[in-house]
Amino acid sequence: MKLSQFRFRLPEECLALEPPHKVFKDDDGTEEKVYRRDECRLMVIHRKSKTIDMFAKDADGQDTDQYLQFRNIIDYFDEGDVMVLNDTKVFPARLFGTKEKTDAKIEVFLLRELNEELRLWDVLVEPARKIRIGNKLFFEEDGPMVAEVIDNTTSRGRTLRFLYDCPHDEFKEELFALGSAPLPRYIINKRDILPEDMENFQTIFAKNEGAVTAPASGLHFSRELMKRLEIKGVNYAFITVHCGLGAFDTIEVEDLTKHKMSSEQMAINEEACRVVNEAKVKGRHICVVGVSTMRATESAVGTDGMLKEYEGWTNRFIFPPYEFGLADSMVANFYHSESTMLMATAAFGGYDLIMEAYDKAIENGYKFGCYGDAMLILDD
(Lines give C-alpha, C1' and ligand atoms only; values in the text may rest on other atoms or scores of the structure.)
Protein backbone atom coordinates (compact mmCIF):
# COMPACT_ATOMS: atom_id res chain seq x y z
CA MET A 1 0.00 0.00 0.00
CA LYS A 2 0.94 3.66 -0.33
CA LEU A 3 1.59 6.23 2.38
CA SER A 4 -0.99 8.61 0.90
CA GLN A 5 -3.75 6.05 1.53
CA PHE A 6 -3.36 6.73 5.26
CA ARG A 7 -3.56 10.51 5.02
CA PHE A 8 -6.53 12.32 6.55
CA ARG A 9 -7.27 15.70 8.03
CA LEU A 10 -7.50 15.67 11.82
CA PRO A 11 -9.24 18.73 13.33
CA GLU A 12 -7.21 20.25 16.13
CA GLU A 13 -10.11 19.91 18.57
CA CYS A 14 -9.97 16.11 18.16
CA LEU A 15 -6.53 15.89 19.79
CA ALA A 16 -6.71 14.81 23.43
CA LEU A 17 -4.39 16.92 25.57
CA GLU A 18 -5.44 15.24 28.84
CA PRO A 19 -6.89 11.88 29.87
CA PRO A 20 -10.67 11.57 30.44
CA HIS A 21 -11.59 13.51 33.57
CA LYS A 22 -14.31 15.31 35.44
CA VAL A 23 -13.94 18.72 37.07
CA PHE A 24 -15.33 19.33 40.55
CA LYS A 25 -15.56 22.68 42.29
CA ASP A 26 -14.56 22.87 45.93
CA ASP A 27 -16.32 25.07 48.46
CA ASP A 28 -13.64 27.73 48.08
CA GLY A 29 -14.25 27.94 44.34
CA THR A 30 -11.12 26.08 43.29
CA GLU A 31 -11.44 23.33 40.71
CA GLU A 32 -10.20 19.77 41.08
CA LYS A 33 -9.76 17.32 38.22
CA VAL A 34 -10.52 13.68 38.79
CA TYR A 35 -9.11 11.46 36.05
CA ARG A 36 -11.13 8.41 35.00
CA ARG A 37 -9.15 6.13 32.71
CA ASP A 38 -11.99 3.83 31.71
CA GLU A 39 -14.48 6.57 30.84
CA CYS A 40 -13.07 7.39 27.42
CA ARG A 41 -15.28 6.43 24.49
CA LEU A 42 -15.06 2.97 22.96
CA MET A 43 -15.80 2.25 19.31
CA VAL A 44 -16.32 -1.44 18.50
CA ILE A 45 -15.36 -2.74 15.05
CA HIS A 46 -16.73 -6.09 13.83
CA ARG A 47 -14.33 -7.00 11.06
CA LYS A 48 -16.27 -9.95 9.56
CA SER A 49 -19.72 -8.36 9.49
CA LYS A 50 -18.08 -4.98 8.70
CA THR A 51 -20.23 -3.13 11.23
CA ILE A 52 -19.31 -0.39 13.69
CA ASP A 53 -20.85 0.15 17.15
CA MET A 54 -20.58 3.51 18.89
CA PHE A 55 -23.61 3.56 21.19
CA ALA A 56 -24.79 1.50 24.15
CA LYS A 57 -27.91 -0.56 23.51
CA ASP A 58 -31.17 -0.73 25.42
CA ALA A 59 -32.98 -3.87 26.63
CA ASP A 60 -34.37 -4.42 23.14
CA GLY A 61 -30.96 -4.27 21.52
CA GLN A 62 -31.54 -0.84 20.00
CA ASP A 63 -28.98 1.96 20.04
CA THR A 64 -29.39 4.57 22.77
CA ASP A 65 -27.96 8.09 22.63
CA GLN A 66 -25.19 7.11 25.08
CA TYR A 67 -21.74 6.49 23.65
CA LEU A 68 -20.02 3.26 24.65
CA GLN A 69 -17.30 3.80 27.25
CA PHE A 70 -14.15 1.78 27.61
CA ARG A 71 -15.51 0.11 30.74
CA ASN A 72 -18.09 -1.56 28.46
CA ILE A 73 -15.30 -3.71 27.05
CA ILE A 74 -16.17 -6.26 29.74
CA ASP A 75 -19.34 -7.12 27.79
CA TYR A 76 -17.31 -8.48 24.86
CA PHE A 77 -15.22 -11.06 26.72
CA ASP A 78 -16.00 -14.21 28.69
CA GLU A 79 -14.38 -16.65 31.08
CA GLY A 80 -11.15 -18.09 29.74
CA ASP A 81 -10.46 -15.30 27.27
CA VAL A 82 -7.02 -13.65 27.48
CA MET A 83 -5.85 -10.07 27.23
CA VAL A 84 -2.19 -9.61 26.34
CA LEU A 85 -0.83 -6.46 28.00
CA ASN A 86 2.46 -4.58 27.80
CA ASP A 87 3.88 -4.04 31.30
CA THR A 88 6.71 -1.71 30.29
CA LYS A 89 7.26 1.25 32.61
CA VAL A 90 7.81 4.78 31.31
CA PHE A 91 10.62 6.75 32.92
CA PRO A 92 10.82 10.58 33.11
CA ALA A 93 12.88 10.94 29.96
CA ARG A 94 12.58 14.68 29.20
CA LEU A 95 15.18 16.89 30.90
CA PHE A 96 16.28 20.47 30.42
CA GLY A 97 19.85 21.61 30.85
CA THR A 98 22.05 24.56 30.02
CA LYS A 99 25.10 24.58 27.81
CA GLU A 100 28.38 25.65 29.39
CA LYS A 101 29.54 29.21 28.71
CA THR A 102 26.51 30.24 26.63
CA ASP A 103 23.80 29.15 29.13
CA ALA A 104 21.63 28.17 26.16
CA LYS A 105 18.63 26.09 27.22
CA ILE A 106 18.84 22.55 25.81
CA GLU A 107 16.20 19.84 25.88
CA VAL A 108 17.67 16.39 26.47
CA PHE A 109 15.44 13.40 25.78
CA LEU A 110 16.82 10.21 27.30
CA LEU A 111 16.42 7.15 25.08
CA ARG A 112 18.32 4.37 26.80
CA GLU A 113 21.30 3.69 29.01
CA LEU A 114 24.24 2.32 27.02
CA ASN A 115 26.70 1.56 29.80
CA GLU A 116 25.83 1.49 33.48
CA GLU A 117 29.39 1.72 34.78
CA LEU A 118 30.42 4.61 32.52
CA ARG A 119 27.05 6.43 32.85
CA LEU A 120 26.64 6.51 29.05
CA TRP A 121 23.22 7.39 27.61
CA ASP A 122 21.80 7.57 24.12
CA VAL A 123 19.80 10.82 23.90
CA LEU A 124 18.16 13.31 21.57
CA VAL A 125 18.96 17.01 21.95
CA GLU A 126 17.10 20.12 20.86
CA PRO A 127 18.26 22.43 19.36
CA ALA A 128 20.81 19.96 18.00
CA ARG A 129 22.79 22.52 16.01
CA LYS A 130 24.14 23.97 19.26
CA ILE A 131 25.46 20.72 20.71
CA ARG A 132 28.82 19.34 19.62
CA ILE A 133 31.27 16.74 20.89
CA GLY A 134 33.07 18.04 23.95
CA ASN A 135 30.27 20.35 25.11
CA LYS A 136 29.15 20.08 28.71
CA LEU A 137 25.54 20.36 29.88
CA PHE A 138 24.49 21.37 33.38
CA PHE A 139 21.14 20.19 34.72
CA GLU A 140 21.00 22.11 37.99
CA GLU A 141 22.19 25.61 38.71
CA ASP A 142 24.35 24.56 41.64
CA GLY A 143 23.86 20.80 41.53
CA PRO A 144 26.26 18.01 40.66
CA MET A 145 24.50 16.60 37.57
CA VAL A 146 26.72 17.37 34.58
CA ALA A 147 27.02 15.55 31.24
CA GLU A 148 29.61 15.66 28.47
CA VAL A 149 28.82 15.04 24.81
CA ILE A 150 31.14 12.29 23.57
CA ASP A 151 29.60 11.31 20.23
CA ASN A 152 27.16 12.33 17.50
CA THR A 153 24.87 9.44 16.52
CA THR A 154 22.26 11.05 14.23
CA SER A 155 21.30 14.59 13.28
CA ARG A 156 19.63 15.01 16.68
CA GLY A 157 21.18 12.06 18.48
CA ARG A 158 24.08 12.30 20.90
CA THR A 159 25.89 10.06 23.37
CA LEU A 160 26.24 11.67 26.80
CA ARG A 161 28.53 10.65 29.63
CA PHE A 162 27.18 11.81 32.97
CA LEU A 163 29.92 12.98 35.30
CA TYR A 164 28.35 11.87 38.55
CA ASP A 165 30.34 9.80 41.01
CA CYS A 166 28.03 7.73 43.19
CA PRO A 167 26.37 4.30 43.26
CA HIS A 168 24.35 3.59 40.13
CA ASP A 169 20.98 3.40 41.90
CA GLU A 170 21.57 6.80 43.47
CA PHE A 171 22.60 8.25 40.09
CA LYS A 172 19.44 6.95 38.39
CA GLU A 173 17.27 8.30 41.19
CA GLU A 174 18.88 11.74 40.97
CA LEU A 175 18.73 11.76 37.15
CA PHE A 176 15.06 10.80 36.99
CA ALA A 177 14.21 13.34 39.69
CA LEU A 178 15.30 16.01 37.20
CA GLY A 179 13.10 14.65 34.42
CA SER A 180 9.45 14.97 33.51
CA ALA A 181 6.87 12.84 31.72
CA PRO A 182 7.91 12.25 28.07
CA LEU A 183 4.64 13.46 26.60
CA PRO A 184 4.41 13.65 22.80
CA ARG A 185 5.38 16.90 21.16
CA TYR A 186 1.82 17.59 20.00
CA ILE A 187 0.78 17.84 23.67
CA ILE A 188 3.64 19.88 25.10
CA ASN A 189 3.34 22.33 22.23
CA LYS A 190 -0.17 23.09 23.53
CA ARG A 191 0.23 22.99 27.30
CA ASP A 192 2.71 22.69 30.15
CA ILE A 193 3.70 19.31 31.56
CA LEU A 194 1.79 18.77 34.81
CA PRO A 195 2.99 16.87 37.91
CA GLU A 196 0.15 14.36 37.47
CA ASP A 197 1.27 13.54 33.92
CA MET A 198 3.89 11.08 35.17
CA GLU A 199 1.13 9.01 36.75
CA ASN A 200 -1.40 9.53 33.96
CA PHE A 201 1.15 8.59 31.28
CA GLN A 202 1.71 5.22 32.94
CA THR A 203 -0.40 2.09 32.84
CA ILE A 204 -1.58 0.83 36.22
CA PHE A 205 0.24 -2.47 35.56
CA ALA A 206 3.57 -0.88 34.58
CA LYS A 207 6.42 -2.93 36.01
CA ASN A 208 9.58 -3.14 33.89
CA GLU A 209 11.28 0.21 33.35
CA GLY A 210 12.51 1.13 29.91
CA ALA A 211 9.87 2.93 27.82
CA VAL A 212 10.14 6.52 26.62
CA THR A 213 6.51 6.68 25.56
CA ALA A 214 3.47 4.99 26.99
CA PRO A 215 1.79 1.90 25.53
CA ALA A 216 -1.22 4.13 25.06
CA SER A 217 -3.93 1.52 24.57
CA GLY A 218 -3.14 0.17 28.03
CA LEU A 219 -3.79 3.56 29.65
CA HIS A 220 -7.57 2.96 29.49
CA PHE A 221 -7.51 0.14 32.05
CA SER A 222 -8.45 1.16 35.58
CA ARG A 223 -7.93 -1.01 38.64
CA GLU A 224 -11.68 -1.37 39.01
CA LEU A 225 -12.14 -2.53 35.41
CA MET A 226 -9.28 -5.02 35.62
CA LYS A 227 -10.74 -6.47 38.80
CA ARG A 228 -14.16 -6.82 37.19
CA LEU A 229 -12.63 -8.57 34.18
CA GLU A 230 -10.71 -10.85 36.51
CA ILE A 231 -13.89 -11.73 38.44
CA LYS A 232 -15.56 -12.56 35.13
CA GLY A 233 -12.75 -15.02 34.43
CA VAL A 234 -10.73 -13.09 31.86
CA ASN A 235 -7.01 -13.86 32.20
CA TYR A 236 -4.03 -11.56 31.66
CA ALA A 237 -0.75 -12.32 29.93
CA PHE A 238 1.92 -9.70 30.53
CA ILE A 239 4.76 -9.16 28.08
CA THR A 240 7.32 -6.35 27.97
CA VAL A 241 7.93 -4.07 25.00
CA HIS A 242 9.95 -0.96 25.76
CA CYS A 243 8.10 1.54 23.56
CA GLY A 244 10.47 3.88 21.76
CA LEU A 245 10.01 6.85 19.48
CA GLY A 246 10.32 4.84 16.28
CA ALA A 247 6.56 4.49 15.94
CA PHE A 248 6.43 8.29 15.61
CA ASP A 249 9.14 8.53 12.95
CA THR A 250 7.98 10.33 9.83
CA ILE A 251 7.60 7.93 6.92
CA GLU A 252 9.48 9.46 4.02
CA VAL A 253 8.64 6.96 1.28
CA GLU A 254 5.37 6.53 -0.60
CA ASP A 255 5.95 2.79 -1.03
CA LEU A 256 5.48 1.33 2.47
CA THR A 257 7.55 -1.74 1.67
CA LYS A 258 10.61 0.54 1.66
CA HIS A 259 10.06 1.95 5.18
CA LYS A 260 12.32 0.60 7.94
CA MET A 261 10.98 0.57 11.48
CA SER A 262 13.22 1.36 14.43
CA SER A 263 13.76 -1.56 16.81
CA GLU A 264 12.13 -1.95 20.21
CA GLN A 265 13.41 -4.20 22.99
CA MET A 266 10.96 -6.91 24.03
CA ALA A 267 10.63 -9.95 26.26
CA ILE A 268 7.98 -12.68 26.36
CA ASN A 269 8.37 -15.13 29.22
CA GLU A 270 7.21 -18.69 29.84
CA GLU A 271 4.22 -17.67 31.96
CA ALA A 272 2.80 -15.39 29.27
CA CYS A 273 3.16 -18.18 26.72
CA ARG A 274 1.41 -20.66 29.03
CA VAL A 275 -1.59 -18.37 29.61
CA VAL A 276 -1.98 -17.54 25.91
CA ASN A 277 -1.40 -21.01 24.52
CA GLU A 278 -3.73 -22.75 26.95
CA ALA A 279 -6.48 -20.36 25.89
CA LYS A 280 -5.67 -20.91 22.21
CA VAL A 281 -5.95 -24.68 22.59
CA LYS A 282 -9.37 -24.25 24.23
CA GLY A 283 -10.56 -21.95 21.45
CA ARG A 284 -10.81 -18.86 23.65
CA HIS A 285 -10.35 -15.30 22.42
CA ILE A 286 -6.89 -13.71 22.49
CA CYS A 287 -6.98 -9.90 22.60
CA VAL A 288 -3.76 -7.92 22.19
CA VAL A 289 -3.83 -4.48 23.77
CA GLY A 290 -1.98 -1.95 21.64
CA VAL A 291 0.15 -1.89 18.53
CA SER A 292 3.41 -2.42 20.43
CA THR A 293 1.97 -5.61 21.90
CA MET A 294 0.77 -6.70 18.46
CA ARG A 295 4.21 -6.19 16.92
CA ALA A 296 5.80 -8.21 19.70
CA THR A 297 3.41 -11.14 19.59
CA GLU A 298 3.65 -11.30 15.82
CA SER A 299 7.43 -11.44 16.20
CA ALA A 300 7.16 -14.40 18.58
CA VAL A 301 4.27 -16.50 17.24
CA GLY A 302 5.17 -19.84 15.66
CA THR A 303 3.82 -21.38 12.49
CA ASP A 304 1.56 -23.48 14.74
CA GLY A 305 -0.16 -20.32 16.02
CA MET A 306 1.35 -20.70 19.49
CA LEU A 307 3.25 -17.96 21.31
CA LYS A 308 6.96 -18.63 21.89
CA GLU A 309 9.33 -17.31 24.54
CA TYR A 310 11.41 -14.46 23.16
CA GLU A 311 13.96 -11.97 24.42
CA GLY A 312 15.56 -9.47 22.09
CA TRP A 313 14.48 -6.77 19.66
CA THR A 314 11.80 -6.36 17.03
CA ASN A 315 11.49 -3.96 14.13
CA ARG A 316 8.38 -5.57 12.65
CA PHE A 317 6.41 -3.14 10.49
CA ILE A 318 2.78 -4.19 10.09
CA PHE A 319 0.66 -2.70 7.31
CA PRO A 320 -2.02 -4.08 4.96
CA PRO A 321 -2.12 -6.73 3.70
CA TYR A 322 -0.81 -8.80 6.62
CA GLU A 323 -1.72 -12.28 7.84
CA PHE A 324 -1.87 -12.34 11.64
CA GLY A 325 -0.81 -15.47 13.48
CA LEU A 326 -1.98 -15.11 17.08
CA ALA A 327 -4.72 -12.71 18.20
CA ASP A 328 -8.33 -12.56 17.06
CA SER A 329 -9.14 -9.23 18.72
CA MET A 330 -7.31 -6.00 19.42
CA VAL A 331 -7.53 -2.80 21.46
CA ALA A 332 -6.16 0.30 19.73
CA ASN A 333 -6.29 4.07 20.08
CA PHE A 334 -7.18 6.55 17.36
CA TYR A 335 -3.88 7.53 15.78
CA HIS A 336 -2.48 10.34 13.69
CA SER A 337 -2.52 10.58 9.92
CA GLU A 338 0.18 8.54 8.15
CA SER A 339 1.26 6.85 11.39
CA THR A 340 2.60 3.31 11.60
CA MET A 341 0.07 2.64 14.40
CA LEU A 342 -2.83 3.46 12.07
CA MET A 343 -1.33 1.15 9.45
CA ALA A 344 -1.10 -1.76 11.90
CA THR A 345 -4.69 -1.15 13.02
CA ALA A 346 -5.88 -1.11 9.41
CA ALA A 347 -4.01 -4.34 8.74
CA PHE A 348 -5.89 -6.03 11.58
CA GLY A 349 -9.35 -4.55 11.07
CA GLY A 350 -9.31 -4.14 7.31
CA TYR A 351 -8.30 -0.95 5.53
CA ASP A 352 -11.74 0.17 4.29
CA LEU A 353 -13.50 -0.57 7.58
CA ILE A 354 -10.89 1.18 9.73
CA MET A 355 -10.82 4.28 7.52
CA GLU A 356 -14.65 4.36 7.69
CA ALA A 357 -14.34 4.15 11.48
CA TYR A 358 -11.90 7.08 11.47
CA ASP A 359 -14.35 9.15 9.41
CA LYS A 360 -17.08 8.38 11.97
CA ALA A 361 -14.73 9.19 14.85
CA ILE A 362 -13.92 12.65 13.48
CA GLU A 363 -17.57 13.31 12.62
CA ASN A 364 -18.63 12.41 16.17
CA GLY A 365 -15.84 14.23 17.99
CA TYR A 366 -13.83 11.27 19.25
CA LYS A 367 -10.46 12.11 20.76
CA PHE A 368 -7.21 11.05 19.10
CA GLY A 369 -3.75 10.38 20.47
CA CYS A 370 -2.29 8.73 23.57
CA TYR A 371 -4.83 10.34 25.93
CA GLY A 372 -7.69 9.83 23.48
CA ASP A 373 -10.49 7.32 22.91
CA ALA A 374 -10.26 3.60 22.21
CA MET A 375 -11.19 1.10 19.53
CA LEU A 376 -11.94 -2.59 20.01
CA ILE A 377 -11.66 -4.78 16.91
CA LEU A 378 -13.48 -8.13 17.07
CA ASP A 379 -13.40 -11.09 14.72
CA ASP A 380 -17.16 -11.41 14.22
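**Exercise 1. Which residue in strand 21 is the bridge partner of V331?**

Before we start, note that this is a predicted model, where local features need pLDDT of at least 70, side-chain atom pairs count only at pLDDT 80 or more, and totals for chains, interfaces and linings use all residues. Residues are numbered from 1 along each chain as its sequence is written, and side-chain values use heavy atoms, with hydrogens and water left out.

*Step 1.* Find the strands, which are DSSP E runs of at least two residues; helices are H or I runs of at least four, and both are numbered from the N terminus. Strand 20 covers residues 329–333 and strand 21 covers residues 374–378.

*Step 2.* Check the pairing, which requires at least two DSSP bridges between two strands. Here there are four bridges, in the antiparallel sense.

*Step 3.* Read off the partner of V331: L376.

**Exercise 2. Place these strands in their sheet and find its edges.**

*Step 1.* The sheet is open, has nine strands with mixed pairing, and follows the order 4-3-21-20-18-7-16-17-19.

*Step 2.* Strand 4 (51–53) and strand 19 (310–314) each have a single partner strand, so one side of each lacks a neighbour in the sheet.

*Step 3.* From one strand to the next, the twist averages 20°.

*Step 4.* Now add a helix: helix 8 (residues 351–363) lies across strand 3 (42–46), strand 4, strand 20 and strand 21, and runs at about 155° to strand 3. Such angles run from 0 to 180 degrees between N-to-C directions, with axes fitted to C-alpha atoms, for helices over the stretch in contact; contact means heavy atoms within 4.5 Å.

**Exercise 3. Which residues touch the most other members of the largest nonpolar core?**

*Step 1.* Such a core joins buried Ala, Val, Leu, Ile, Met, Phe, Trp, Tyr and Cys residues through side-chain atoms within 4.5 Å, where buried means under 20% relative accessible area with a 1.4 Å probe, protein chains only.

*Step 2.* The core has 59 residues, and M43, I45 and Y358 are the answer. Its largest share, seven residues, comes from helix 7 (residues 340–349).

*Step 3.* Look around M43: leaving aside residues up to four places away in sequence, its contacts include I52, F334, A357, Y366 and L376.

**Exercise 4. Describe the closed barrel and the helix across it.**

*Step 1.* Six strands run 9-10-11-14-13-12 with antiparallel pairing.

*Step 2.* Strand 9 (residues 94–99) and strand 12 (residues 136–138) are joined by two bridges; K99 has L137 as its bridge partner.

*Step 3.* Helix 1 (residues 168–177) lies across strands 9, 10, 11 and 14, at about 150° to strand 10.

How values were computed. Buried < 20%, exposed > 50% of the residue type's maximum accessible area, 1.4 Å probe, protein only.
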